[in-house]
Amino acid sequence: MIYLKNISLSFADRRIFDNITWMIPEKSRVGLVGDNGTGKTTLFKAILGVVDPDQGDIEIPNRKNRTIGYLPQDLVELEPLPLIDYLRNKSGIADLEKALKNYESCMSRCDPGSAEYHDILKTYEATAARFQAIEGYRFDAKAKQILNGFGFRENDFVKNCADFSGGWKMRILIALILLSAPDIMLLDEPTNHLDTESMEWLESYLKNYRGTLLTIAHDRVFLDKMVNQIVELSNRRLTLYKGNYSYYLAEKDRRLQALKKQMALQRTEIKKTREFIERFRYKATKAKQVQSRIKMLERFELIELEKKGKQVHLQFPEAPKSGREVVSIRKVSKRYGDVNVFSTVDLTIHRGEKIALVGVNGAGKSTLARILSGTEEPSSGAVTYGLNVSMAFFSQESSQNLDYQRTIWDEINLAGSRSNDQEKRNLLGAFLFSGDDIYKEISVLSGGEKSRLALLKILLQDSNLLILDEPTNHLDLKTKEIFQDGLLAYSGTVVIVSHDRFFLDRHVNRVIEIRNGQCYEYHGNYSYFIQKRSEIDAAVPGGGDENNSQKGVGSIQTGRLSVAEQLSGSRESTAGRKAFKTKEEKRLEAEERNRLSRITKALKNEIVMLEDRISSLEERKAENENILCMPDIHREPLKVKRLNQELLDMERELGKLYISWEDIIKKLEACQ
């Protein structure tokens, strides 16, 4: 449990937290949300003990024996060690192995009957138990499994950590946290440096995490899948919503409507009371009632709505009409030295299409985007643009094209936009440049600020083809929504590289996946692509294994055609099998099928019973956790003790049930 008691904190004259009280039960899965600058990261650092509050306390019972895994938002530097060695050192495995060898050496030199031997043996057994508890004996296998999930390859395992780029270093840090299996995880924007495949892998891994998870994220899909509570930090206060992010949005709106209704009723009541006072103020017979009404007015606590800034909308300039074929690429290949990214790609982009380029990091998404934009030449093949195509291209390098000697305001004014000054100021505010900030020189901005400014500058240009490479990386949820709403209304053609799955689902109607030098086409949004790709991988043995794909073939194929081709290939591979069987062989096969059918049916019945019990326990567990989240529950210590004991008992039983469920699933898979 983490207990924040009346926390207040200020930086200079700015109040960050104001008398915050929050109790976080064990095993909680919480998403912390709020506008940029409200103090979400600072709250994480306060829980870590890095930042001390001005007043109040943060309690974590038995803190010395509790482990906390913290993923910072900012890029980190890692020790210059080979990757696996770094993970072994930082996870504590290397120290435990060294200690075990040391104890073994000491025991070999002692008399087995001596008191010294027994003392060392006792310490050795305790250390061995710790080593086993964190699965030290299978550390390398587990480490490689996690690293593979994040897109690392076999030859990366011995690579020096200092040689990885910033994004890959963040993946190493997430892998370290998962390997350490801490009691509490504090993840600050864990999806920022992950591609969509790595995100989905992380989500599947975290589903089995048994500790307390707190995360700050701007990824709506991640929050919907990973958390069952949202805590909003706004106006120096915390507000709890018992559900995922989609529930939070709906519930926040419901509460707002209810508050508006209460405010209207209160205003009506106040108006009636004042009218009564004015009408009978000078009547002696009503003096007592008038005084009563005056006191009633004084006791009213006025209901006020939270003040919001001016609503900003991003409106793209009207896109001039282009030809029907916007971009056509024929037999395009790209190589960097001996590395072949893709080969013989044929692709035509039509007017009005919204296309997503997807694939794992390093697959070639950004390379294809640069080739489409004309900023990079293909190794072979041709790129042809249609009639009246006016293109705008954004990439993470676009910030380098800003004039660092200008101010933000000067740079925007020179963008060639038809927007007036007030519209430009509103948009700058939406992209987190407000007040006198717009007169800052670009040279003093952070990398994220330069990237946001470059994106806004590109969006203000007249264009009918937008090519966007990770445009939402440095945007908070509110700015993302403004940007996405504006893009939905854009009448031109869009090609986008993004790992924001909610964003892709809303915007694209065609997905092109780059995988192992091949391009696959799916006519639908991102969810459709995930569904169809899963069907392909399930239908063909090894279909999801990247190493089974033929390298260097890059012509566009549709998802459906790919399935048909691969399935027909699998049918042909069975053509050479024995066509006829004896009666005895058929009888034995039938008996084996019947035996497996009986076993399978029994296993399925066991699974249903186990899942019913698990579901029942999880519901009761959630009820207890919700009660423990109530603000005044700490006033009933006996009830808290009882609820915590029940949670502990349920957690133990659930642990056993999960193991039984996994065993039965494995047996069922073996039968099938």
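## Aspartate 195

In this predicted model, the side chain of aspartate 195 reaches the backbone nitrogen of serine 198 at 2.8 Å. Aspartate 195 sits in a loop. Strand S6 (184-188) lies on one side of that loop in the sequence, and helix H7 (196-206) on the other. A second link goes to arginine 171: the two side chains make a polar contact of 3.4 Å.

Is aspartate 195 buried or exposed? Its relative accessibility is 5%. The cut-off for buried is under 20%, so aspartate 195 counts as buried. Which residues touch it, leaving aside neighbours within four places in sequence? They are Arg171, Gly359, Val360, Asn361 and His499.

## The largest cavity

Rolling a probe the size of a water molecule over the atoms shows where empty space is left. Here the count comes to four cavities of 30 Å³ or more. The largest cavity holds about 100 Å³ of space.

Its lining includes Glu189, Thr191, Asn192, His218 and Asp219. Thr472, Asn473, Leu475, Lys480, His499 and Asp500 line it too. Sorted by class, the lining has six polar residues, four charged and one nonpolar. His499 appears in this lining, and His499 is also a contact of aspartate 195.

## Two nonpolar cores

In soluble globular proteins, nonpolar side chains tend to be buried together. In this model the largest nonpolar core has 50 residues. Which of them touch the most other members? They are Leu83, Leu87, Phe150, Ile172, Leu178 and Leu206. Helix H6 (residues 166-180) gives the most to this core, with nine residues. Another core lies apart from it, with 45 residues, among them Ile412, Leu466, Phe503 and Tyr526.

Take phenylalanine 150 from the largest core. Not counting residues up to four places away in sequence, phenylalanine 150 touches Trp168, Arg171, Ile174, Ala175 and Leu178. It also touches Leu194, Ser198, Trp201 and Leu202. Two of these names have come up before: Arg171 and Ser198 are the polar partners of aspartate 195.

## Helix H2 and its cover

Helix H2 spans residues 83-91. Its buried residues are Leu83, Ile84, Tyr86, Leu87, Arg88 and Ser91. What covers them? The cover includes helix H3 (93-108), helix H5 (139-149) and H6. After H2 comes glycine 92, with a positive phi near 90 degrees.

## A buried lysine

Lysine 424 is found in helix H13 (residues 421-430). Its relative accessible area is 7%. The cut-off for buried is under 20%, so lysine 424 is buried. The side chain of lysine 424 makes a polar contact with the side chain of asparagine 413, at 3.0 Å.

## Two positive phi angles

Most residues other than glycine have a negative phi. Alanine 181 has a positive value, near 45 degrees. Alanine 181 lies in the loop between H6 and S6. At 47% relative accessibility, it counts as partly exposed.

Asparagine 388 also has a positive phi, of about 60 degrees. Its place is the loop between strand S13 (380-385) and strand S14 (391-394). The cut-off for exposed is over 50%. Asparagine 388 has a relative accessible area of 52%, so it is exposed.

## The chain as a whole

The chain has 672 residues, and 44% of them count as buried. Its secondary structure comes to 20 helices and 19 strands. Take the contacts between residues at least 6 apart in sequence: 68% of them join residues at least 24 apart.

Terms used:
Residues numbered from 1 in each chain as written. Predicted model: local features only at pLDDT ≥ 70, side-chain atom pairs only at ≥ 80, totals over all residues. Heavy atoms only, no water. Helix = DSSP H or I, 4+ residues; strand = E, 2+ residues; numbered from the N terminus. Buried < 20%, exposed > 50% of the residue type's maximum accessible area, 1.4 Å probe, protein only. Polar contact = N/O pair within 3.5 Å; in protein donor to acceptor, adjacent residues only side chain to side chain. Contact = heavy atoms within 4.5 Å. 1 Å grid on protein atoms, 1.4 Å probe; cavity = no way out; pocket = protein on both sides within 12 Å on 5 of 7 lines; lining within 4 Å. Points joined across faces, edges and corners; volume = space filled by probe spheres on them. Nonpolar A, V, L, I, M, F, W, Y, C, P; charged D, E, K, R; others polar. Core = buried A, V, L, I, M, F, W, Y, C linked by side-chain atoms within 4.5 Å.
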